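Open the structure in your viewer and keep the selection panel at hand. Each stop below gives something to select and then says what is there.

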Amino acid sequence: MRIVILFLSCLISAAASVHNLKNFNIEAVDTISSASCSKIVNETVWDGIKTVDSDAYELRWKMIKDKSIIQIFISAQFSNVTWIGFGLSESGGMLGSDIVTVTKLSPDSAAKVADRYAPWTAFPIVQAPPPYPDKDILQDWKLTCSTSSHSYLGAILERAIDTKDNYDRLIQPGEHPVIFAYGSEPSSDINYHGPNRGTTSVDFFNTPITSFPPSDADAKEDFILSPFEMSGTTDQYICQLFDFKSPTRQIVAVEPLYANGQGESFQHHMLVYSCSNVVEISPSASFQHSSVCGSPQLTGRSKEVGDSLLARGSCNTLVYAWALGGKHMVFPDEAGSVIGDEGTRFVVVELHLNDAENKAVNYSLIGAGVRFHTTTKLRIYNASSIAVGDVSLTLGSYFDPVDSQVHKKYNSSDIPGGKEAVHYQSSCVTDCTSTWGGPIRLFASFQHMHGYGRQG
């Protein structure tokens, strides 16, 4: 049987450069009154509205397609707020983001907008200045108006969908990672946001979902992680095992299920595996509760942090991969991923939580997981996945695998300091492809990098 393969790309090109452009004081100032601006906000028919950070931050957007312009309204409710920021990110982080900020020192003062970008910081990060959103040479964001009080700041902004600026990101259909921040600062510029920041995702075009789920899907199954108490750790990998007691079926579509409320901001990426044996997952694998993946004996890291099952080579039949900005996946009409037989009876949901500001202490993550749409009418081809590249490449310092208390410095295989860029490439050689037994069809790909990846 010919196999249709979901292609997971892990080509990594890591950067170690800092852009040295000067800060250009090119800022737009609003001339419309706060009351008039509020009226414009309320009377505008927005394409979408999203509130995040426990409703403290709001984003509204409207695509003016005949003019190839996007209009947004951003606002924050915060004591003595003087600035708000919005950014288009590559994968949910600040590095490399296209950012705009609005500052307004008091309700009576004029608001100023600045088009910015976050440069890629050299590695190791401790030897370079912290990432800071520099002002762009080309100021593409235009300020329409602002509205404010001592505990509220909002602004309407617009720019071209494609500015042709190397430091701006093209706004395209589909989910896009978005970052936000706000703060109070008595000076005329922005300052460090502290915990007042986060990440979400937005489809600015409200791309319609067609033929979902597929017409032959006759059942759906939700695999939802039990409530997990976040500890304020920067990175955590949590897993939960599920027993799919069912005759053989095929997965024909998959959709992510987001944690409710603020939890979405902490979801970095999710991997879903199928397994034949619970022993290969973890000695402490649980059917009832989500827990930190792996164990100190298996990962060489603290149990609080955990480690990816894919990186450890166990339970590595990958069914679905999601990262911030991703959405549902529909398999080709002639293929599906087998689940329910003796080889794929167990399902593991692995979720990477990223809490860079350690703000989620005693925060309960509820409702995160995945939904399978399945069919008993088996399709012609079976789908699977292949990971290409060094999926466990570690850049920088790392923990000794024998003694987790020993913290070693980066070695020669990591990104050396002072280099503009370091390129890593993996190839699928004939020694590998010759074992496949026949032609394959690639129908989807997924690239994912962490803190130091710049382009894939």
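Select β17 and β24: the two strands pair in the antiparallel sense over nine bridges. Two strands count as paired if DSSP finds at least two bridges between them. Helices (H or I, at least four residues) and strands (E, at least two) are DSSP runs, numbered from the N terminus. Within this pairing, I238 has L351 of β24 as its bridge partner.

A note on the model before the next stop. It is a predicted model, in which local features need pLDDT of at least 70 and side-chain atom pairs count only at pLDDT 80 or more, while totals for chains, interfaces and linings use all residues. Residues are numbered from 1 along each chain as its sequence is written, and side-chain values use heavy atoms, with hydrogens and water left out.

Keep β24 and add β19. These strands also pair in the antiparallel sense, over eight bridges. H269 is found in β19 and stands opposite H352 in β24. Is H269 buried or exposed? At 5% relative accessibility, H269 counts as buried; buried means under 20% relative accessible area, exposed over 50%, and partly exposed in between (1.4 Å probe, protein chains only). Show the side chains of H269 and H268, which are joined by a polar contact of 3.2 Å. A polar contact is a pair of N or O atoms within 3.5 Å; within protein, one must be able to donate a hydrogen and the other to accept it, and residues adjacent in sequence count only if both atoms are side-chain atoms. As for β24 itself, eight of its nine residues are buried, so the strand is largely enclosed by the rest of the structure.

Next, select V370 and F372. They are the residues with the most contacts inside the largest nonpolar core, which has 31 residues. A nonpolar core is a set of buried Ala, Val, Leu, Ile, Met, Phe, Trp, Tyr and Cys residues joined through side-chain atoms within 4.5 Å. Among the elements that give two or more residues to this core are β17 (235-243), β19 (267-275), β24 (346-354) and β26 (369-375). Its largest share, four residues, comes from β24. Expand the selection around F372, leaving aside its neighbours within four places in sequence: the residues in contact (heavy atoms within 4.5 Å) include F223, I251, V272, V319, I339 and V347. Apart from this core lies another, of 30 residues, among them M63, L88, V178 and F204.

Now colour the aromatic rings. The structure holds 13 aromatic pairs. Rings of Phe, Tyr and Trp (its six-membered ring) pair if their centres lie within 6.5 Å; planes under 30 degrees apart count as stacked, over 60 as edge-to-face and the rest as tilted. Select Y57 and Y182: the ring centres are 6.4 Å apart and the planes are at 25 degrees, so the pair is stacked. Y57 is in strand β5 (residues 57-64) and Y182 in strand β13 (residues 176-183), so to speak of distant parts of the chain is apt, 125 residues apart. Both Y57 and Y182 are buried. Add F78 and F180 to see the cluster that ring pairs form from Y57, F78, F180 and Y182.

Stay on β5 and select W61 with F204. Their ring centres are 5.8 Å apart and their planes at 80 degrees, so this pair is edge-to-face. W61 counts as buried at 6% relative accessibility, and F204 counts as buried at 1%.

Then select C37 and C145, which are joined by a disulfide with an S to S distance of 2.1 Å; the term covers a pair of cysteine sulfur atoms within 2.5 Å. A search of the whole structure finds one disulfide. The link of C37 and C145 is right-handed, with 70 degrees about the S-S bond. C37 is in helix α1 (residues 34-43) and C145 in strand β11 (residues 142-149), 108 residues apart.

Two loop residues close the tour. S68, in the loop between β5 and β6 (69-77), has a positive phi of about 55 degrees although it is not a glycine. K164, in the loop between β12 (152-160) and β13, has a phi near 65 degrees, also a positive value in a residue other than glycine. S68 is partly exposed, with a relative accessible area of 41%, whereas K164 is exposed, at 67%.
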